[in-house]
Amino acid sequence: MFSTMKKSMFFCASSFDPPAMPDPGAATSRRRSVSPSWVLLDKVAYLANRKNGTTAGGYGRTGQAVEVSFWLADPPRLSHLCVHCPGLEKTDFTEEPFVVCSEKNIAVLHVYFTFGPKDSIEERGLRDYFVYRAHHEHPSLELLPTPSPRALQPHEFGLLPCVGGRDDDFVIAVLRPTVVVPEEYDLYVFSSRTWTWSDRLATLDPQAPRMFGELGIHRAAKVIALPRDTLAFVDLRLGILLCRVHEGTLDLHHIGLPELMDMNSKKSPSLIRDVTFSDGVIKFIEIVERKRKVLLERKICPLCKSCTLVNPDLEVDGMGGTIDSTADHYYANDGWDAITWSRSITSGPWVKDCEVSVDDIAINDPRHFDLLPDLRDNRSGKSTLNRNLITCYPTLSMIEQGVFHLTCKVKTEDKTAWILAINMRKKCLEDLASLPADRIHYFFSQPYHPCALSEFMNVAPRYRQVGCKSKRTDHAKNVPTDTTIILHGYYPFTTGDQLRNIFSAFGHLCAWHIPANKQNASVQFVSRSCAEEAMRMLNGTQCGRLNLVLSWGGNTPNKQPRQPMVNQSNGDAGSYR
């Protein structure tokens, strides 16, 4: 149906070609000036240098500069993330960077390089995790300590923002079964207050039902933040485990999910189920594909005297299957049904909210047929959705009651997939948007998720550079105007490009200079505020083998900045003028 995720430096072709978005700075742009309150965010990033007002920069463990930018679109169109690492090629990445999790104004990002710190062989090729904080004026990107244990997988991470009511604090948590004792789980927690990882033992509430059976062990497919510093670890087959991460004694409370529909018993739950939290209740959706039996007509070939199909070109199913040579029938797609449920966090049963069939969904906007002519079911004679669409990944809207999004394709081999916004209460198709089919990694996890990051973002370009957290007037009275920074004790094997990569994340450089003796080096910023930020963040730190001991260079407002010259002793210099 959809492509599988490839590892080890194999990338989707579209990963280097992010979709075009309206220019947020253009006066003629149709995009509204205020960012949408929520978006469907593509989890897998594009490797591209596309900056806007959301751009923030940071450094990996090797000192490699990393820049991230978010591009926003109204659902069902996907918003996406662009990651740029100056000086690197695609062979320097094990896989595309991606969004691990996000809540409110915070996102955890994952970048998997093929290299690591040069002086630590055992850490080469390990994962780097970053925390991105969205802000209308000053977004930031910061490297997180390596998770402990290192075997923790990104899909297991849950994010809890505003811990204890404090906006700046957050917690990352991973819940894993101990296997030895079914009722016990290891809880691994990263706290922004201590900036360290820790682990504790969590036990299942004795009053909770035992989760034994064919599968037995609870493994989270997604994690949801709930009120009162609670995380919900969701196993889409076995149910939800609630954990208050700051309690002294960690008791896990279990919430079962509605029973799987009969037709879904052998399917991966992530393809047909979703759980979310909004309007103070937990919400759940499940879709089930209907099948119709199609008889195969056969006849004897007069030449080879063997039995052949009269209709061999029929598409058998949405999974690209083939007809059994001995079969007299097969099952073809015949639409789908969707059911939503809701319940409170603390108690009470699941209550069925809505139930619709594909035959109920009207297509009222003729423009949708221009985008996708095969959208309509021609057999029924009505303007309703095509029953033959291949569907998966139902995703509930964050704010719109009764609306969910569904990923679909017309044929297995199509290179374009579609996201449909379906209103169950009004029984209509509200909108649709296309995306490259190779961005959807079938049999893994949901390729996109709703998030509220956009509420805290301003995509329009700002009058500041990446990494600058304050805006100041360089020539104001009594304000220092030096923009040149001297780097003392320069490591002799560091190149000019590496030096430029380290400092350019804080703003535009107008020049850099490395003398022949390579004992010191200098960089000159265009803006004083960006130079101050670089001085504040880098002075006294270490990037790889480069110890950053910095001082001001002393250029004055009435003196033109010195143009760097390559001297006769094989020095290295550059200018951006």
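## Gln 524 and its surroundings

A residue counts as buried when its relative accessible area is under 20%. Gln 524 comes in at 6% relative accessibility, so this residue is buried. Keep in mind that we're looking at a predicted model. Gln 524 sits in strand S31, and its C-alpha atom is 8.8 Å from that of His 508, a residue 16 places away along the chain.

Strand S31 (residues 520-525) also carries Phe 525. What kind of aromatic pair do Phe 503 and Phe 525 form? Theirs is edge-to-face, with 6.4 Å from centre to centre and 65 degrees between the planes. The pair ties together distant parts of the chain, since Phe 503 belongs to helix H3 (residues 496-504) and is 22 residues from Phe 525. Phe 503 and Phe 525 are both buried.

## Helix H4

Helix H4 covers residues 528-538, and nine of its 11 residues are buried, so the rest of the structure largely encloses this helix. The buried set isn't just nonpolar names: among them are Arg 528, Ser 529, Glu 532 and Glu 533, along with Cys 530, Ala 531, Ala 534, Met 535 and Leu 538. After H4 comes Gly 540, which has a positive phi, near 85 degrees.

## Aromatic pairs and charges over rings

There are 11 aromatic pairs in the structure. One of them, Tyr 129 with Phe 157, is stacked, at 5.1 Å centre to centre and with 20 degrees between the planes. This pair also bridges distant parts of the chain: Tyr 129 is in strand S8 (residues 127-133), while Phe 157 lies 28 residues away in the loop between strand S9 (140-143) and strand S10 (158-161). Tyr 129 and Phe 157 are both buried. They have company too, as Tyr 129 and Phe 157 join Phe 170, Phe 190, Trp 195 and Trp 197 in one aromatic cluster.

Two arginines are worth a look as well. Arg 50 lies over the face of Trp 71, 4.3 Å from the ring centre. Arg 343 lies over the face of Trp 350, at 6.0 Å from the ring centre.

## Nonpolar cores

In soluble globular proteins, nonpolar side chains tend to be buried together. Here, the largest nonpolar core has 39 residues, and the members touching the most others are Trp 336, Leu 375, Leu 385, Phe 404, Leu 420, Ile 422 and Leu 429. Elements that give two or more residues to this core include helix H1 (269-272), strand S19 (281-295), strand S22 (329-343) and strand S27 (428-436). Which element gives the largest share of this core? That's S26, with five residues.

Leu 375 shows what the packing looks like up close. Not counting neighbours within four places in sequence, Leu 375 is in contact with Ile 363, Leu 385, Leu 389, Leu 420, Leu 429 and Leu 432, and also with His 368, Thr 384 and Asn 386. A second, separate core has 34 residues, including Ala 45, Ala 73, Ala 107 and Leu 453.

## Cysteines

How many disulfides does the structure hold? The count is zero. Take Cys 392: the closest cysteine sulfur to its own is in Cys 408, 8.8 Å away, which is too far for a bond because a disulfide needs the two sulfur atoms within 2.5 Å. Cys 392 is also buried, at 2% relative accessibility. Cys 428 is buried too, with a relative accessible area of 11%.

Technical notes
Residues numbered from 1 in each chain as written. Predicted model: local features only at pLDDT ≥ 70, side-chain atom pairs only at ≥ 80, totals over all residues. Heavy atoms only, no water. Phe/Tyr/Trp six-rings, centres within 6.5 Å; stacked < 30°, edge-to-face > 60°. Helix = DSSP H or I, 4+ residues; strand = E, 2+ residues; numbered from the N terminus. Buried < 20%, exposed > 50% of the residue type's maximum accessible area, 1.4 Å probe, protein only. Lys NZ or Arg CZ within 6 Å of the ring centre and 35° of its normal. Core = buried A, V, L, I, M, F, W, Y, C linked by side-chain atoms within 4.5 Å. Contact = heavy atoms within 4.5 Å.
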